[in-house]
Amino acid sequence: MPLASQNNTATLIIGLSFVALALTFSTRAALGLVMPILEQDLGWSRSFTSGAAAIALLVMAAIAPFGGRLVDKQGARAILLIGLGALANGCFLIATTVNPIAFFLAFSGIAAVGFGLVATHVVSTAVEQEIETNRGLATGIATSGSTGGQFVFVPLLALLISAYDWRMAFAALGIGTLIIMGCVFRWFPKTAGRADIAAREVGATGTLLQDLRNILRLPAFQILFWSYFICGYTTSGVIETHFLPYAAFCGFGPVPSATAYGLLCAINLVGMILAGWLTDRVNRPLLLGLIYLTRGLTFVILLNVGASFETLVFFSFLFGLVDYSTVPVTASLVASHIGRGVMGLAFGLISAGHQIGAAAGAYFGGILYDLYAQYDWVWWSSVWLAVFAGILVFLMKDKPEVRSTSPA
């Protein structure tokens, strides 16, 4: 393939993936924005809306391996189109419903399918299948849409809610999703060629059961699965769920709390791109392990915030660098140590572990707070789990051992 054509393909994959993830993660975040309004306008309880979010996470965990398997066989384009279609339909249904059951089915069922398919593991697999050089950096940029969306689109959604209502916000998300869906259909590579090459090169053996058996027996998979489970607990679980309530617990008002969280999301984007760039250049298990150890250190800082806004901002900056930055490094290790031919399935299973860990962090964080009326044990549990994840990753080698059978 000519160099100019390769560069154009890489640009399209990275750009379209970034925007698709931005819209998907913004839709997930929009529920948090409208929770109080739904309670006030429709009389729905906080437990109902929180339950809808929790069920959506479990649906995402269930669908992630199947979406990944389809990427291995069909390429990412078809999967992204299905996911974006489900997401758009879910958004439009949410925007028109007043029935709690219909809302639940739209968000936790239809839209959740979109959340599970338009996901970082699908995008990472597309990059590995289609891009020849600097895959780590490409993965970091493409998947940074997951946090870039929260930084760019969520404030716009808040403005729409303020100027109009919450229905307009979901309608706008649906329209935006349809637009990017058309762009993916028109310009995203069909991927059959590179996907077939990757499958022949390394990883795939044939049937789903054979591939599952081979993947699950690999020590590399077990290490990456459990470290990513902990990643979910210490990020989406305790921080995305309990950071703002903790800031309020420390005495900070909504504006400074939201400012600190906004900074965290902005630095997230930088951290993912930086980690992707380093992935192509340094020892990857060492890099990933240091990310987890640094994350553990940030929770010690969070424990000592007290009434200091400066300390809260320092935590947000440092945590942002090591929050989503595990994604490009983990994706690269999945590709090299498990195999590009089964990367979608393997990373889908690992991503499912991330979502289950996130659900555990969100739930047990609330339980620990109810038991002790403070957050110290929430943060200490995160410290030791992050340290354990770092030590676990250090057991891996940067280069996989040569094996005579697939996966690699």
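**Notebook: surface patch, salt bridges, pocket and cavities**

**Entry 1. Nonpolar patch**

I began at the surface, where helix H13 (284-303), H16 and helix H17 (376-393) each supply at least two residues of the nonpolar patch. I note at the outset that this is a predicted model. The members of this nonpolar surface patch are Leu297, Val300, Tyr363, Phe364, Ile367, Leu371, Tyr372, Trp377, Trp380 and Trp384. Together they have about 1100 Å² of accessible area. I then asked which helix gives the most to the nonpolar patch. That helix is H16, with 5 residues.

I looked up one patch member singly. Phe364 has its place in helix H16. Its relative accessible area is 43%, so I list Phe364 as partly exposed.

**Entry 2. Ser381**

I also examined Ser381, whose place is in helix H17. I record Ser381 as partly exposed because its relative accessible area is 21%, and buried would require under 20%. For a distance across the model I took the C-alpha atoms of Ser381 and Leu274, which are separated by 27 Å. These two residues are 107 residues apart along the chain.

**Entry 3. Salt bridges**

My count of salt bridges comes to 4. I went through several of them in turn.

Arg69 forms a salt bridge with Asp211, and the closest N and O atoms are 2.5 Å apart. What does this pair tie together? Asp211 lies in helix H10 (residues 208-216) and Arg69 in helix H2, so the pair ties together parts that are 142 residues apart in sequence. I find both Asp211 and Arg69 buried.

Arg284 forms a salt bridge with Asp398, with 3.0 Å between the closest N and O atoms. This pair links distant parts of the chain, since Asp398 is in the segment after H17 and Arg284 is in helix H13, 114 residues apart. Asp398 and Arg284 are both buried. I also looked for salt bridges that share partners, and these join Glu128, Arg135 and Arg340 into one network.

Within that network, Glu128 forms a salt bridge with Arg135, the closest N and O atoms being 3.7 Å apart. I asked whether Glu128 is buried or exposed. At 4% relative accessibility, Glu128 counts as buried. Arg135, at 16% relative accessibility, also counts as buried.

**Entry 4. Helix H5**

I turned next to helix H5 (residues 120-130) and its burial. I find 11 of its 11 residues buried, so helix H5 is largely enclosed by the rest of the structure. The buried residues of H5 include Thr120, His121 and Glu128.

**Entry 5. Largest pocket**

I recorded a volume of about 1800 Å³ for the largest pocket. Its lining has 48 residues, and those that lie nearest the pocket centre are Gly32, Met35, Glu240, Thr241 and Leu244. The helices that each supply at least two lining residues are H1 (3-42), H2 (46-74), H4 (100-117), H7 (145-163), H11 (219-249), H12 (254-279) and H16 (343-372). Which helix gives the largest share of this lining? I find that H11 does, with 10 residues. By class I list 33 nonpolar, 12 polar and 3 charged residues in the pocket lining.

**Entry 6. Cavities**

I then searched for cavities of 30 Å³ or more, and the count comes to 2. About 270 Å³ of space lies in the largest cavity. It is lined by 23 residues, of which Phe25, Arg28, Thr120, His354 and Gln355 are the closest to its centre. Two or more lining residues come from each of H1, H2, H4, H5, H11, helix H15 (326-337) and H16. H11 supplies the largest share of this lining, 4 residues. I sorted the lining of the largest cavity into 11 nonpolar, 10 polar and 2 charged residues.

The second largest cavity has a volume of about 30 Å³. I list Gln150, Ile239, Glu240, Tyr261, Leu264, Cys265, Asn268, Asp323 and Tyr324 as its lining. H11 and H12 are the elements that give two or more residues to the lining of the second largest cavity. The largest share, 4 residues, comes from H12. By class, this lining has 5 nonpolar, 2 polar and 2 charged residues.

I close with a cross-reference on Glu240. This residue is among those nearest the centre of the largest pocket, and Glu240 also lines the second largest cavity.

Terms used. Residues are numbered from 1 along each chain as its sequence is written. This is a predicted model: local features need pLDDT of at least 70, side-chain atom pairs count only at pLDDT 80 or more; totals for chains, interfaces and linings use all residues. Side-chain values use heavy atoms; hydrogens and water are left out. On a 1 Å grid over the protein atoms alone, a cavity is a set of points where a 1.4 Å probe fits but cannot get out, and a pocket is an open set with protein on both sides within 12 Å along at least five of seven lines; lining residues have an atom within 4 Å of a point. Grid points are joined across faces, edges and corners, and a volume is the space filled by probe spheres set on the points. Ala, Val, Leu, Ile, Met, Phe, Trp, Tyr, Cys and Pro count as nonpolar, Asp, Glu, Lys and Arg as charged, and the others, Gly among them, as polar. Patches are made of residues with over 30% relative accessible area and no salt bridge: like charges are joined within 9 Å, nonpolar side chains (Val, Leu, Ile, Met, Phe, Trp, Tyr) within 5 Å. Accessible areas come from the Shrake-Rupley method with a 1.4 Å probe; for residues, only the protein chains shown count as cover. A salt bridge is a side-chain nitrogen of Lys or Arg within 4 Å of a carboxyl oxygen of Asp or Glu. Buried means under 20% relative accessible area, exposed over 50%, partly exposed in between (1.4 Å probe, protein chains only).
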